[in-house]
Amino acid sequence: MTALDDRSVQPTVTSGPIMGSQKVYREVTDPDSARTLRVPHRRVGLDNGSHIDLYDTSGPYTDTDAAPGIDVHAGLERMREEWVRDREPVDGAVTQAAYAKAGVITPEMRYIAAREGMDPEFVRSEVAIGRAVIPANRCHPESEPMIIGKGFLVKVNANIGNSAVTSSVAEEVEKMVWATRWGADTIMDLSTGKRIHETREWIIRNSPVPVGTVPIYQALEKVDGDPASLTWEIYRDTVIEQAEQGVDYMTVHAGVLLRYVPLTARRVTGIVSRGGSIMAAWCLAHHEESFLYTRFEELCEIFRRYDITFSLGDGLRPGSIADANDEAQFAELRTLGELTHIARAHDVQVMIEGPGHVPLHKIAENVRLEEELCGEAPFYTLGPLATDIAPGYDHITSAIGAAQIAWHGTAMLCYVTPKEHLGLPDRDDVKTGVITYKLAAHSADLAKGHPRAQEWDDTLSTARFEFRWQDQFHLALDPETAQSFHDQTLPAEPAKTAHFCSMCGPKFCSMKITQDVRRYAEENGLSTVAAIDKGMRDKSEEFADRGKRVYLPMAD
Ligand SMILES: C[C@H]1O[C@@H](n2cnc3c(N)ncnc32)[C@H](O)[C@@H]1O
Ligand SMILES: Cc1ncc(COP(=O)(O)O)c(N)n1
Ligand code: SF4
Ligand SMILES: [Zn+2]
């Protein structure tokens, strides 16, 4: 019996299209295999008859045709199974990095190119030099290929998983579906509570996005939570167990070296990384170098067989503004740089995890050093939180840092939810975290000039200016919230075409007044500029008549 046969687990997952959009597939032919790749997009149809296609992470759950057939006990369709099975290794390796270096454009790369609106050869070359990664374990054929790299759309990861205190398998499966519905590009199962293996099996088999984990969590669970009892063998077996299940990327805190631990002694918040603190405890208990570091090449060999991507963990990241950019943090980063080059020599893909808590003026240095030390491996940052003073609002304190660091070149942002520092996020927190991070990521896409980014803003702004309220809602990252806020004051149907909302009311609506100015211009055969000119002259004469007083009595 596999975990998914367990009928006592009955997840109810959200399905159906996102309000105002429908799933469409663009068909692309892979010339090498003659296969047709069906690349999903979220199509938002507009009242004026046009539409816009947006990047879509939500999998078949939002497909009206596919969703009714989804059986969570069976898992998603195994789209990549044949792709993986049919290709020959290059120099004994089956990783995307190895193919890229050999000049091969895989179906995954073509799929990604169509998704991102990029040239397949660009995708290949970025993977070949390690500036981008495609996390795609050969044992996770259900996932839709995606890429993480600074030359592509900025990605967002959502952390889910239970803890010893709360949550169930069914809740975690729904968090995964819910997070990807709102735009999570990958999810991490950070479960530390009961049934870790089963929870992960449920998530992976039903996940349309890559899944990441931190194997040391489950290894620690196997030794009843005592770090000193961990061994390389227990850890290695846990990695293989998770690799077989299809985990696409794994956080490995291999940069926490014995000699770095004392560097954290005078910190305000010490070691805030779970994995980092576990490894620090192990090193001190044995007074020995970390097995993650000493056995790193063996780990590379395992990752290479499955094409698992390393996410080299920031076990010494700062957990407070006071600790940002300190010697412990940067000492670890130098070691991660060394390990990046070892992994790459094994044709294993690598990304680097980053801080934490960092004030705005210390963010740029993090990106600069990461790129320099880690050969431009994609940076994957947790936030960073730009201030420590707002527990309850840390999705915002961290999105402020996240937008900034993404603009500087971070490839994937790990979301933070409103529950950060306070408790395990629930389904609502997951949505808030994802939406908040999507807007940080998109702000960076705009600033970086991604060819497709601004089209979305321009389409929404035009709808807004033309008072096409439904279009404005449907184009929103969160259409339901947009509509419900409008409904709170103006729920009636005519209000959905009205030339104002309850913010300013009909007489003070600046966009309506602008439209009146434009109409006036048109009716008087003037260009808008000339009309404004004429209007200004009329006004200044009026102003002169009134004795050049700037502030007029209320009666005016
Ligand atoms: C490294 C970061 O991961 C997040 N984190 C850790 N465990 C979980 C979980 N089960 N669910 C959601 N987020 C989690 C916390 O936000 C932490 O700061
Ligand atoms: C971006 C990101 N996500 C998850 C973790 C794992 O958490 P921890 O380091 O606390 O074990 C991490 N280090 N970085
Ligand atoms: S989030 Fe809670 S349990 Fe985790 S390190 Fe902070 S205080 Fe401890
Ligand atoms: Zn924190």
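In this predicted model, ligand 2 is surrounded by Met188, Val214, Tyr217, His253, Ser273, Arg274, Gly275, Asp314, Arg317, Glu353, Tyr380 and Cys414. Sorted by class, this shell contains five nonpolar, three polar and four charged residues. Several of these neighbours can be followed down to single atoms. A polar atom in the side chain of Tyr217 comes to 2.5 Å from an oxygen atom of ligand 2. Arg317 also uses its side chain, with an N or O atom 2.9 Å from an oxygen atom of the ligand. Arg274, by contrast, is linked through its backbone: a polar backbone atom of Arg274 lies 2.9 Å from an oxygen atom of ligand 2. Taken alone, ligand 2 would expose 360 Å², and the protein buries 95% of that area. The space that ligand 2 takes up is the largest pocket.

One residue of this shell, Glu353, leads on to a further contact in the protein. The side chain of Glu353 is joined to that of Thr251 by a polar contact of 2.5 Å. Thr251 belongs to strand β9, which runs over residues 249–252. Is Thr251 buried or exposed? Its relative accessibility is 4%, so Thr251 counts as buried, given that the cut-off for buried is under 20%.

Attention now turns to ligand 1, which sits in the largest pocket. The residues around ligand 1 are Asn159, Ile160, Gly161, Asn162, Leu190, Arg274, Arg317, Leu382, Glu420, Leu424 and Pro425. Arg274 and Arg317 are in this list, and both names also appear in the list for ligand 2. By class, the shell of ligand 1 is made up of five nonpolar, three polar and three charged residues. Here, too, individual polar atoms can be picked out. An N or O atom in the side chain of Glu420 is 2.3 Å from an oxygen atom of ligand 1. For Asn159, a side-chain N or O atom is found 3.1 Å from an oxygen atom of the ligand. Arg274 takes part through its side chain, where a polar atom lies 2.8 Å from a nitrogen atom of ligand 1. On its own, ligand 1 has 400 Å² of accessible area, of which the protein covers 82%. Arg274 is thus a helpful residue to look up in the structure: its side chain supplies the polar atom beside ligand 1, while its backbone supplies the polar atom beside ligand 2.

Away from the ligands, helix α3 (residues 107–116) is a good place to look at burial. How many of its residues are buried? The helix is mostly covered, with 10 of its 10 residues buried. Among them are the nonpolar-looking names a reader might expect, including Met109, Tyr111 and Ile112, but also Glu108, Arg110, Arg115 and Glu116. Just after α3 comes Gly117, which takes a positive phi of about 70°. Phe122 is found in helix α4, which covers residues 120–128. With a relative accessibility of 29%, Phe122 counts as partly exposed. Measuring aside, the computed distance between the C-alpha atoms of Phe122 and Ile105 is 9.8 Å, and these two residues are 17 apart in sequence.

The loops hold some backbone details of their own. Two peptide bonds can be described as cis. The bond from Pro355 to Gly356 is cis, with omega near 15°, and Gly356 is placed in the loop between β11 (350–354) and α13 (363–373). The bond from Gly383 to Pro384 is likewise cis, with omega near 5°; Pro384 lies in the loop between β12 (379–382) and α14 (394–408).

Positive phi values also turn up in residues other than glycine. In His287, phi is near 45°, and this residue lies in the loop between α9 (274–286) and α10 (291–294). In Phe467, phi is near 55°, and its place is the loop between α16 (453–465) and α17 (469–475). Which of the two opposite words, buried or exposed, fits His287? His287 is exposed, because its relative accessible area is 63%, and the cut-off for exposed is over 50%. Phe467 has a relative accessible area of 4% and is therefore buried.

Notes:
Residues numbered from 1 in each chain as written. Chains lettered and ligands numbered in written order. Predicted model: local features only at pLDDT ≥ 70, side-chain atom pairs only at ≥ 80, totals over all residues. Heavy atoms only, no water. Near = heavy atom within 4 Å. Polar contact = N/O pair within 3.5 Å; in protein donor to acceptor, adjacent residues only side chain to side chain. Areas by Shrake-Rupley, 256 points an atom, 1.4 Å probe, with all protein chains shown as cover. 1 Å grid on protein atoms, 1.4 Å probe; cavity = no way out; pocket = protein on both sides within 12 Å on 5 of 7 lines; lining within 4 Å. Sits in = over half its atoms within 2 Å of the grid points. Nonpolar A, V, L, I, M, F, W, Y, C, P; charged D, E, K, R; others polar. Helix = DSSP H or I, 4+ residues; strand = E, 2+ residues; numbered from the N terminus. Buried < 20%, exposed > 50% of the residue type's maximum accessible area, 1.4 Å probe, protein only.
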